[in-house]
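Thank you all for coming; I would like to walk through one structure this morning, starting from a single residue and moving outwards to the aromatic pairs and the nonpolar cores. Please have the sequence and the model in view as I go.

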Amino acid sequence: MSDSSDRSTKIHLLREALVKKLCDVLDKSCDRGWRRLGEIVGVERRLRVSPDDMEMCSLKVLELEGSPSRMLLRLMGERGCTTGQLMDYLQTLGNSEAVQCLKPSGRAEQPIALQILIQPQSLALTSGHNLRLICHAVGKAPVQYQWFKSKEEVPNSFSPDLVISPVHLKDAGFYICRVNCGDTFEFSQWAQVDVLSVTLPYAPGQSYQSLEGRLKLVIQPQSQQLHVGETLQLECGAVGRPIPRYQWHRNGVPILNATKRKLTVPRVMQDHNGRYRCEISSGSSERMWTNEVDVATAPRISVQFSGAMECSEDDFYAIGGGSGEFFLNSVPDQLYATDKVALLIGNLSYKNHPQLKAPMVDVYDLTNLLRQLNFKVVSLLDLTESEMRNAVDEFLLLLHKGVYGLLYYAGHGYENYGNSFMVPVDAPNPYRSANCLCVQSILKLMQEKETGLNVFLMDMCRKRNIYDEIAPNIVLRVTANIVFGYATCQDAEAFELSSSGFTNGVFVKFLKKRLLDDEKITVVLDRVAEDMGQFDATKGKQALEIRSSLSERRALADPILPGDCADLAHAQSRQWAKAHELPESMSLDFDCGAQIKLGFAAEFSNVLVIYTHIVKKPEDMSFCQAHVTDFSQDLDVDPKEMNRETPEETGIYLLSSSLPQHCLYTRLSSLQKLREELVFTVCLQGTYPAMDNDPVHWTKSINIGKPLIARLDLHGAMRKNSCLQTCLMPHSPSNSPCHSPRPEHCLHLHHGLLQAQDHSRLSPQHPHGAVGDSYYESLSSSPGRMSIPIEASDDINELHSVFINSLQLQQQ
């Protein structure tokens, strides 16, 4: 008999295929869909579906493949809804197609081979309490269970319930259950367990089952007084199921990538002063804040003595000994930068060469990490030759004596006669050096600025270009402050792992885990090289090469202490700020009485996000929506990708979690091509029942000037101080015959959980591509569908890969 024919069956026990079919029907129906169903259920109050629950369901449309109906059914199931009750609700709804999904098929169905009905859920609890994880499955034959913590079996854990009583700090981690039924097996989803060390006024051994659905704050952060160079550590904590999520704020502004319970800044500087607090949320709409605490930093004090003075013996020792009159100076006890500036370029959309994906994600992640190190970062995507040269010129304007300068490039490239060349997106096929930017020529110009540290991170291939026989005549000074980190060795290719997802390339995959380390930059790169050497997918095919003349222990985490050229530094800071100035959000009032909010966000220095949100809708208006249109042709905006209901639909994959919800989103890229001020139209569309719901339109013209990098006019002709002038080329770019090899030797890596060591799958791809098609370490469907815990990020993928590989080895 079908599972739907038993009216007492709880709906969370319905077959996945049936649930999916039902959700598809309810998601697609407008008048008789999930929202109306929620209203019907909410009126009866039997299942306690609140407006907050409905809001949480609606947010699922912002997720890829998210389903509001599935979320609603899940909430109803958790509150005891049966198949019979659901059938009654659907009949009240009047959706015959949905009712048909639940009706019995009239024939006996084959029993399911193996199905996990209850998945273990992530949670946070304090040490000394009981931990209980549940995994329940059904099958044709008796079901057997085995629990794992990471890749290790949990001893004597052969039941559906994993109980640890009492739980200790060492029990924190990721858990998974393998379910066997005859020759068939499935894996549950991962469950993260966070154990907090705190004493609560509960009886020992108490379970947190009673805390499901709500949070309880148990650890508050404490105020800190630190000296420059010391480590800032703030900690908070909450318990509950599902596991809480965290976001730290400083002076009311979210801190990038600060999404763990503990906030750590390895070496604080004076600009880390401020008021800190953490926002904590759960899987529901519940949110809470910790106390706001003060963090004060002060320069280290060095005491110097001269002449004679009177003081007691206690005073003498209190100031550290010595004799004579003393005075206090703020003297650094380590190396420092007068400023820190980074230019990050990722070229993806080549006109005459293979397209790339990973550089966008790599530039985005490195931007966020370098900002945590207090770098002024300019991040740019898809630049032509003239745009690249002018961007380098703007970068050089930010450099002066003692500044740490960093250049990162991801895209196609090559190396001839010891000189590295970056390939712009408009380079012809084939190309020569006249079409490309020579890295060594940029270094020469940086040396003229008397920079304190010059770092080049080149995420590109270094194969020889047989069509280019020109050797640029570049004479570099001998300085002990140069570091090159090449993603691959000389005359070798850099690889990219293929998949449909948006994740890092090989180099940045490992670099981002080390970049914040307070170590000499060459030590950081050495460790990245070691990490890459252990990566099976590229072992023996790609190795990081480091070239350095660095004689001091200079680190990217070094503090900033402004030098003598304060006026020059201030002028350069203003120049940098010009490239990052966003238009202010605005409220627009229309004659019909509607009010909308127009907001802006920056995904990169040359990518602007515009979003519109209805703030006020007239009561007599049945429908109201605002969209933007009529953009400059310089930006080449595709109307099909404008004014979408989710950020992902318009190509905003990286910034989507930081954007406000329930808006229409538009992504404007290549702002460097904007020649005039950005003027566009905001169109409000409304309908009235009294007018048969025929649409009525109102418009407003908006001028936001030149936002972000558009202010620097990179689209213009190459400037006189361009890096082109340091390369004595025998021909100019305008009349160069420019030839380069076609892509014949590249590598396309298929990387999955069960393919990580299968090197027979390696196949050639773009020889001049830095990191080509990005890879996605998806969770394999072979051992069962897996879900990623909230705080897992990349670590959970590696954990799962190691876990599955270890099981394979055991089976062999």
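In which helix is the place of Leu443? Leu443 sits in helix α10, which covers residues 439–448, and I should say at once that what we are looking at is a predicted model. With a relative accessible area of 1%, Leu443 is buried, the cut-off for that word being under 20%. If we set aside residues up to four places away in sequence, Leu443 touches Asn454, Phe456, Leu476, Ile482 and Phe484. The C-alpha atom of Leu443 is also separated by 9.6 Å from that of Arg477, a residue 34 places away along the chain.

Let me turn to the aromatic rings. The structure holds 8 aromatic pairs, and one of them is formed by Tyr414 and Tyr431, which are stacked, with 5.9 Å from centre to centre and 25° between the planes. Tyr414 belongs to strand β26 (residues 413–416), whereas Tyr431 lies in the loop between β27 (419–422) and β28 (437–438), so this pair ties together parts that are 17 residues apart in sequence. Both Tyr414 and Tyr431 are buried. For Phe484 and Tyr486, the ring centres are 5.5 Å apart and the planes are at 5°, so this pair, too, is stacked, since planes under 30 degrees apart count as such. Phe484, which we met a moment ago as a contact of Leu443, is buried, and so is Tyr486. Returning to the tyrosines, Tyr414 and Tyr431 form one aromatic cluster together with Phe421.

Rings also appear here beneath charged groups. The charged end of Arg277 is placed over the ring of Trp289, at 3.8 Å from its centre, and Lys509 lies over the face of Phe510, at 5.5 Å from the ring centre.

Finally, the nonpolar cores. Which residues of the largest nonpolar core touch the most other members? Among its 73 residues, they are Met422 and Phe680. Phe680, leaving aside neighbours within four places in sequence, is in contact with a list of residues that includes Leu598, Phe600, Ile610, Val628 and Phe631, and also Lys700, Ile702 and Ile704. Apart from that largest core lies another one, of 51 residues, among them Leu381, Leu406, Ala537 and Ala601.

Conventions
Residues numbered from 1 in each chain as written. Predicted model: local features only at pLDDT ≥ 70, side-chain atom pairs only at ≥ 80, totals over all residues. Heavy atoms only, no water. Helix = DSSP H or I, 4+ residues; strand = E, 2+ residues; numbered from the N terminus. Buried < 20%, exposed > 50% of the residue type's maximum accessible area, 1.4 Å probe, protein only. Contact = heavy atoms within 4.5 Å. Phe/Tyr/Trp six-rings, centres within 6.5 Å; stacked < 30°, edge-to-face > 60°. Lys NZ or Arg CZ within 6 Å of the ring centre and 35° of its normal. Core = buried A, V, L, I, M, F, W, Y, C linked by side-chain atoms within 4.5 Å.
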